[in-house]
Amino acid sequence: MFDADFLVLAPFNGVFWAVFLLFVLVLIGLTAALKDKSETTKKTVIVVTSILTLAWFIVYKYYLSIDAEFNIVTAEIGGFNWWGELPLHLCNINMLLIPIGVIFNIRSIRSVCFFVGPLGALMAIVMPGLGFSGFSILTPRMICYYGIHFMIIVEGLAIGTTGLYRPVFKDIPRTILTTVCLCFATFLVNVVLRLTGLHPDANYFFSVDPQGNPVLELLYNIIPVPFLYVLPCGIILGTYMLIVTFGFYLKDVVLTREEQEHDY
């Protein structure tokens, strides 16, 4: 008899790594396809891809709203609520930010999409919420959840791999500040949704409470104040940015040295 257990997706199991590898290949293929293309073509492809991902996100949320199993699994936290499914989380807000940053050449937004977007999406993938772990990858909500988050990672990183954005050290404080501003804006959205009763548990960017996230739980125990408790994450982000940017810097140094040696 056919055993579907091997199709079950959970963080870091075999199916997870297979899907992860698939989207690594997508990123490599997209980068290779755009390597010798004009900047206009690169922008068009990445913007259109982001818009299509956003459209996929909207369709996915509709099907999630009528997914009986999902509503049963999440009944303890109120089930599906459209006001809690807006593209305002740390990861999916990038479906909106990428087109803005790319079209209008806003460097700080591109930097956020390159550094923060993939991290947020990765966090959602390795620490999925209720209803998104332990089910078959062939389940529509699982295909959509992981597919969309992996595409956000691909699109964010593609800004850098295609040459539309190249990190430099002076980007670090500006990117952290931009991220804090985005977090505060979503915190205000959370406050409005909670006060109006539209979504009493609104928690975009996890700016109100950790909601079970182990890293944020640790920070909340130290600073038990909504919004303020997430600010130390800027240190983590800054460290990550410093490491990645240093890698780009070393690559430039090596290439420059090779060019100089070739000239001689």
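Me: Let me start with a term: rings of Phe, Tyr and Trp (its six-membered ring) pair if their centres lie within 6.5 Å, and planes under 30 degrees apart count as stacked, over 60 as edge-to-face and the rest as tilted. How many aromatic pairs does a search of the whole structure find?

Reply: Happy to help! This is a predicted model, with residues numbered from 1 along each chain as its sequence is written, local features needing pLDDT of at least 70, side-chain atom pairs pLDDT 80 or more, and totals for chains, interfaces and linings using all residues. Side-chain values use heavy atoms, leaving out hydrogens and water. Searching the whole structure for aromatic pairs gives a count of 25.

Me: Which residues do ring pairs link into a cluster with Phe12?

Reply: One pair to look at is Phe16 with Phe150, which is tilted because the planes are at 55 degrees, with ring centres 6.4 Å apart. Ring pairs also bring in further residues, and the partners of Phe12 in the cluster are Phe16, Trp17, Phe20, Phe23 and Phe150.

Me: How many residues apart in sequence are the parts that Phe16 and Phe150 tie together?

Reply: Helices here are DSSP runs (H or I, at least four residues), numbered from the N terminus. Phe16 belongs to helix 1 (residues 14-34) and Phe150 to helix 6, so the sequence separation bridged by this pair is 134 residues.

Me: Is Phe150 buried or exposed?

Reply: Buried means under 20% relative accessible area, exposed over 50%, partly exposed in between (1.4 Å probe, protein chains only). Its ring partner Phe16, at 1%, counts as buried. With a value of 3%, Phe150 is buried.

Me: How many of the 22 residues of helix 6 are buried?

Reply: Helix 6 spans residues 140-161, and its first and last C-alpha atoms are 30 Å apart. That is close to the expected 32 Å, taken as 1.5 Å times one less than the number of residues. Gly163, with a positive phi near 90 degrees, follows helix 6. Helix 6 is mostly covered, and its buried residues number 18.

Me: What kind of aromatic pair do Phe115 and Tyr240 form?

Reply: Phe115 sits in helix 5 and Tyr240 in helix 9, so this pair joins parts 125 residues apart in sequence. The centres are 6.0 Å apart and the planes make 90 degrees, a geometry classed as edge-to-face.

Me: And is Tyr240 buried or partly exposed?

Reply: Phe115, at 0% relative accessible area, is buried. For Tyr240 the relative accessibility is 28%, so this residue counts as partly exposed.

Terms used: Helices (H or I, at least four residues) and strands (E, at least two) are DSSP runs, numbered from the N terminus.
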